[in-house]
Amino acid sequence: MHPHSVLSPLFVPLLLKPLISDRTKDALAAARAKGVQLGRPTVVTEDIAREIMRLFKRRHMSARVIANHLTEQGIPTPLGGERWHVSTVARVIARNGGTLKRGRVPMKKRRKAASAR
């Protein structure tokens, strides 16, 4: 048996990968152009989204604090769970035009801020 004939099935996916990728990207672009909603549908109700934005804009609460607040209030999550996740709240804020600060304050700045109090 020729040595390349054993390896050739392993190389086929590598050769087809760029072709499949391009075709997938083109198909997704065409679907978007037709107005097809891609991805998971939004399931947060308008009332909850309004409350999240109110807490974010008027009370200047972070996504983490809002998630904890909704959980403590016993408001069920969009899929019926008990615990709100920061990422869910952050997506609602981003989808409604809010801007979140990313990351954590470096440890040195936290110490300085704590000692200044």
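**Close-ups of a five-helix predicted model**

At 68% relative accessibility, histidine 60 counts as exposed (exposed is over 50% relative accessible area, buried is under 20% and partly exposed is in between, with a 1.4 Å probe and protein chains only). This is a predicted model, where local features need pLDDT of at least 70 and side-chain atom pairs count only at pLDDT 80 or more, while totals for chains, interfaces and linings use all residues. Residues are numbered from 1 along each chain as its sequence is written, and side-chain values use heavy atoms, with hydrogens and water left out.

**View 1. Histidine 60 sits in the loop between helix 2 and helix 3.** Histidine 60 is not a glycine, yet its phi is positive, at about 55°. Helices here are DSSP runs of H or I with at least four residues, strands are runs of E with at least two, and both are numbered from the N terminus.

**View 2. The whole chain has 5 helices and 0 strands.** Going along the sequence, the pattern reads α-α-α-α-α. Of the 117 residues in the protein chain, 18% are buried. Take contacts (heavy atoms within 4.5 Å) between residues at least 6 apart in sequence: 46% of them join residues at least 24 apart. The mean pLDDT (the predictor's confidence in each residue, from 0 to 100) is 83 for the protein chain, and 79% of its residues reach 70 or more. Among the elements, helix 3 has the highest mean pLDDT, 96, and helix 5 (residues 107-116) the lowest, 52.

**View 3. The largest nonpolar core holds 17 residues.** A nonpolar core is a set of buried Ala, Val, Leu, Ile, Met, Phe, Trp, Tyr and Cys residues joined through side-chain atoms within 4.5 Å. Ile52, Ile66, Leu70, Trp84, Val89 and Ile93 are the ones that touch the most other members. Two or more residues come from each of helix 2 (46-57), helix 3 (63-72) and helix 4 (86-95), and helix 2 gives the most, with 6 residues. As a general background, nonpolar side chains in soluble globular proteins tend to be buried together.

**View 4. Helix 4 packs its buried residues against helix 2 and helix 3.** Those buried residues are Thr88, Val89, Ala90, Val92 and Ile93. Zoom in on isoleucine 93: leaving aside neighbours within four places in sequence, its contacts are Ile52, Met53, Phe56, Ala63, Ile66, Gly98, Thr99 and Leu100. Just after helix 4, glycine 97 takes a positive phi of about 90°.

**View 5. Threonine 77 is found in the loop between helix 3 and helix 4.** Is threonine 77 buried or exposed? With a relative accessible area of 14%, threonine 77 is buried. Not counting residues up to four places away in sequence, threonine 77 touches Glu82, Arg83 and Trp84.

**View 6. Fifteen-residue lining aside, start with the volume of the second largest pocket: about 330 Å³.** A pocket is found on a 1 Å grid over the protein atoms alone, as an open set of points where a 1.4 Å probe fits, with protein on both sides within 12 Å along at least five of seven lines; lining residues have an atom within 4 Å of a point. Grid points are joined across faces, edges and corners, and the volume is the space filled by probe spheres set on the points. Of the 15 lining residues, Arg40, Val43, Pro78, Thr88 and Arg91 lie nearest the centre. The lining divides into 7 nonpolar, 4 polar and 4 charged residues (Ala, Val, Leu, Ile, Met, Phe, Trp, Tyr, Cys and Pro count as nonpolar, Asp, Glu, Lys and Arg as charged, and the others, Gly among them, as polar).

**View 7. Threonine 45 and proline 78 are 33 residues apart in sequence but 7.5 Å apart in space, C-alpha to C-alpha.** Threonine 45 belongs to the loop between helix 1 (3-33) and helix 2, and is partly exposed at 42% relative accessible area.
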